[in-house]
Amino acid sequence: MNWPAERDLPEGRHRLLKEFVMTEIDRTPRRRRLPRPAVLAPALGLAAAAAVAVPLLLGGSPAYAVSKQPDGLIRITINETKDPDKLEADLRALGANVVVDYIPMGKKCSPQPRSSHFLSVEEAPLHVFPTPEDSLPGIVIDPRVIGPGQTGVLEFSVSENNGGIVAGIWAKVGEGPIAECTLVDTTEAPLSH
């Protein structure tokens, strides 16, 4: 069967797909694999130092956390949807040429599309789904798939649905300049089950 490309889906279907995928990821049971002590010790030391230093500097829990893993992937954990410009700057400092936008419920980015050409997931798989063994929170991106003259786009959307929170991410790599995200109201009806 010939399925339409993700970018060709109507806006409402695209949002539903994103929300479904993110809720299914949260529901999937994950196996835990214990890391080797040689790998675990330095990571625990850095994590403990960061856990102590960040709240002292910021006066509370940070809105997000980013870390570069030994394999070159970057883990992003969003605690609050605020300060996307700082997250974008931190990701760029780690070698990921990306733009970051938070999309509140009932809004969408305009203009669409934001790039003259977005690469397919097969050409540039920016978003890496955590493996079943990976029980850490957040998402993982691969900055190495962003080539010269290309920019990654991360759109995080958070909405409430039937008393719960549904989070979604849209991650693509675009060629050429990426248009700024101007938030506009969506014309779609709220989700209901």
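1. Long-range contacts. In this predicted model, residues 24 or more positions apart make up 65% of the chain's contacts with a separation of 6 or more. The points below give some of the pairs and clusters involved.

2. Secondary structure. The chain has three helices and 10 strands. In sequence order the pattern runs α-α-β-β-α-β-β-β-β-β-β-β-β. Two helices thus open the chain, and the third follows two strands.

3. Burial and surface. The chain has 193 residues, and 33% of them count as buried. Its accessible surface is about 12200 Å². Carbon and sulfur atoms contribute 59% of that surface.

4. Main core. The largest nonpolar core holds 22 residues. Ile-76, Leu-91, Ile-141, Leu-154 and Phe-156 touch the most other members. At least two core residues come from each of β2 (74-78), α3 (84-93), β3 (98-104), β7, β8 and β9 (164-175). Helix α3 and five strands are therefore named as suppliers. In soluble globular proteins, nonpolar side chains tend to be buried together.

5. Ile-141. Which residues does Ile-141 contact, leaving aside its neighbours within four places in sequence? They are Leu-73, Ile-74, Ile-76, Leu-91, Ala-96, Leu-126, Val-128 and Leu-154. Of these, Ile-76, Leu-91 and Leu-154 are also among the core members that touch the most others.

6. Second core. Apart from the largest nonpolar core lies another, of five residues. Its members include Val-99, Val-153, Trp-170 and Ile-178.

7. Aromatic pairs. The structure holds two aromatic pairs. One of them joins Phe-118 and Trp-170, with ring centres 5.1 Å apart. Why is this pair edge-to-face? The ring planes stand at 90°, and the cut-off for that class is over 60 degrees. The pair links distant parts of the chain. Phe-118 sits in strand β5 (residues 117-118) and Trp-170 in strand β9, 52 residues apart.

8. Burial of the pair. Are the two partners buried or exposed? Phe-118 is buried, because its relative accessibility is 7%, and the limit is under 20%. Trp-170 is buried as well, with a relative accessible area of 9%.

9. Pro-148. This residue lies in the loop between β7 (139-141) and β8 (150-161). Pro-148 counts as exposed because its relative accessibility is 85%, and the threshold is over 50%. Glu-175 is 27 residues away along the chain, yet the C-alpha atoms of Pro-148 and Glu-175 are separated by 8.8 Å.

Note on methods. Residues numbered from 1 in each chain as written. Predicted model: local features only at pLDDT ≥ 70, side-chain atom pairs only at ≥ 80, totals over all residues. Heavy atoms only, no water. Helix = DSSP H or I, 4+ residues; strand = E, 2+ residues; numbered from the N terminus. Buried < 20%, exposed > 50% of the residue type's maximum accessible area, 1.4 Å probe, protein only. Contact = heavy atoms within 4.5 Å. Areas by Shrake-Rupley, 256 points an atom, 1.4 Å probe, with all protein chains shown as cover. Core = buried A, V, L, I, M, F, W, Y, C linked by side-chain atoms within 4.5 Å. Phe/Tyr/Trp six-rings, centres within 6.5 Å; stacked < 30°, edge-to-face > 60°.
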